[in-house]
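Got a minute to go through a sheet with me? Have a look at the model below, and then we'll take it strand by strand.

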Amino acid sequence: MSADSPESISSSNPATEWWKKTTVYQIYLRSFFDTNGDGIGDIQGIIEKLDYLKDLGYETIWVSPLTESPQRDFGYDISDYHSISPLYGDMALFEKLVQELHRRNMKLIFDLVLNHTSNEHAWFKESASSRDNPKADWYIWKDGKGRKGTKPPNNWRAMAGNKAWTYYPERKQFYYTAFLPFQPDLNYHNPEVKRTMFDIARFWLNKGVDGFRLDIISAIYEDPELRRNPPSLRLVPSDKSLTIFFQDLRNNFLQEKSFEFATELRNVVDEFDNPTRILIGESHGEEELIKQFCYHNGKNGLNAIFLFKAISTPFKAESYREMLMTFEKHFPEPLIPTLVFANHDRTRIITRLGGSIEKAKLLALFQFTCRGIPFTYFGDEIGIPRVRIPLKQGKDAIAIQYGWLPQFLVDRSVEILNRDECRTPMLWNKKSNAGFCADSASPWLPIAGNFKEINVEKQLAEPHSLLNFYKKVIRLRNETPALHNGSLEIAHDLCNKKILAYYRIANGEKYVILLNMSRARVKNPVNDAEILLSTHPQSEAYQLQPFEGRVISGRQ
């Protein structure tokens, strides 16, 4: 058995592996619920809606960054790792949030940005002031090329498409950024930087957070030799590869030392237990490659890594079967896949599904009955759509960067350049501002125009709404060991171009999940079996309706 096989990695006591069984609800804090009338969501807003999330059946919440920040990237540009932004509250309120979650037996995943800081962070200001100050080597500074040294050190581009190097006249050097120019990358080749960032993780763990979502963990290290990136045939990134503007970003992302870093950070997190704390990373790339974040050279790393393949996989039975086979191949026990279909950077689920509630229910059934950790982006449980916002009106830093693009090209894109379009406020009721903020307040982003038809209050009152289906399938998952802790077997003999079928098995229990991912009615391949849940409650037993999914008690 090789040291890099998953079976060689020690598995924790199943009783402590709460994270393998949990359901996660992602809250984009600015857009969830505003309680102080400034049109921006806040920590108190989360506290006031915890019972809503508990009632839905969610056990864990992941909250976007809430530390001190200039808000140029809305929290992902941190200027102080130890302080709560006054936009959202204060440390006492954050501590209350942790207490209220734990009182409800819920967990908190804290969004931790380790890769970079804001250029307004005191560390960067000191580092940029000279070449010989105490923090001169805390960021990645390099001399430029050319007679005057004003040409970038190499051809690297950042993930957002901009050039990765920014010239700083005071130092007569360039600093490197993996994302946007105002987010300089920290230099993890400097042991002092690594020690400091590990202590920041300990600071929040001591506050009671249950784990971290790690922003662009793939960018922690870069090629120390600064070798040029090779060309690529792709204009834009895919969920499998990091490419942008026909450049393969292989030398500034997914370096060997980034995988080693994951194992070091795991050691830090493992200092804390009762309960076990966890790490979930963000990275694009082939599954065979990024699984090294979870185990590397025989060592435990992150507990899980986001698998964005689910977002780009076509909504077809054969495509989903292939996706399941890929996940099971590369993330077998003791590893576990993640089931991610949307987030704060990607097009809303209901928009990607053409507005179909039937498809949205079917996708929810798939997500909550597969082996893996399901993540719900806030508002997807009611079907909040993508809200069209012209690029030139965007507040998102990506939209500002690409504001020169013609709008008709932007509108034709499947994915979004203006991330504001998937970050618009939660729709709580049919009152003014959809109940997100006071009538007298001005929400920081536009409210979806159909909020009177699509909102939490309305859907709670409709037995067969998308929201109530989420409640049913999450409850079934939470109450059924085979669905939250069992093995998965694809029922290849039941699968075809229209039907995806798989079994969930645990402790002598066996369930079959059938998904008709077509527009046609199809014969039920599993007869005389108890239907525990269906996306179409009035469906006839002998056939599956278009886009109907079922959980069945077992194959007879």
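Q: In E24, which residue is the bridge partner of Leu514?
A: This is a predicted model, so take the pairing as computed. Strand E20 (residues 509–516) and E24 run antiparallel, with four bridges joining them. In E24, Leu514 is matched with Arg550.

Q: And which residue stands opposite Arg550 in E24 on the E22 side?
A: E22 is joined to strand E24 (residues 549–552) by three bridges, and the two run antiparallel. One of the facing pairs puts Ile531 opposite Ile552. For Arg550, the residue standing opposite is Ser534.

Q: What is the order of the five strands in the open sheet?
A: The edge strands pair on one side only, and they are E18 (487–490) and E22 (531–534). Pairing is antiparallel, and the twist averages 20° from one strand to the next. Reading across, the order is E18-E19-E20-E24-E22.

Q: Which helix packs on the sheet and touches E18 and E19?
A: Strand E19 covers 499–506, and the helix direction makes about 35° with that of E19. The helix spans residues 317–330, and its name is H10.

Q: At about what angle to E22 does helix H16 run?
A: H16 takes in residues 466–479 and lies across both E22 and E24. Its angle to E22 is about 145°.

Q: Are the residues on the two faces of E24 buried or exposed?
A: In a regular strand, side chains alternate between the two sheet faces. On one side of E24 you find Gly549 and Val551, and on the other Arg550 and Ile552. Both faces are covered, and all four of these residues are buried.

Notes. Residues are numbered from 1 along each chain as its sequence is written. This is a predicted model: local features need pLDDT of at least 70, side-chain atom pairs count only at pLDDT 80 or more; totals for chains, interfaces and linings use all residues. Side-chain values use heavy atoms; hydrogens and water are left out. Two strands pair if DSSP finds at least two bridges between them. Axes are lines fitted to C-alpha atoms, for helices over the stretch in contact, and angles run from 0 to 180 degrees between N-to-C directions. Contact means heavy atoms within 4.5 Å. Buried means under 20% relative accessible area, exposed over 50%, partly exposed in between (1.4 Å probe, protein chains only).
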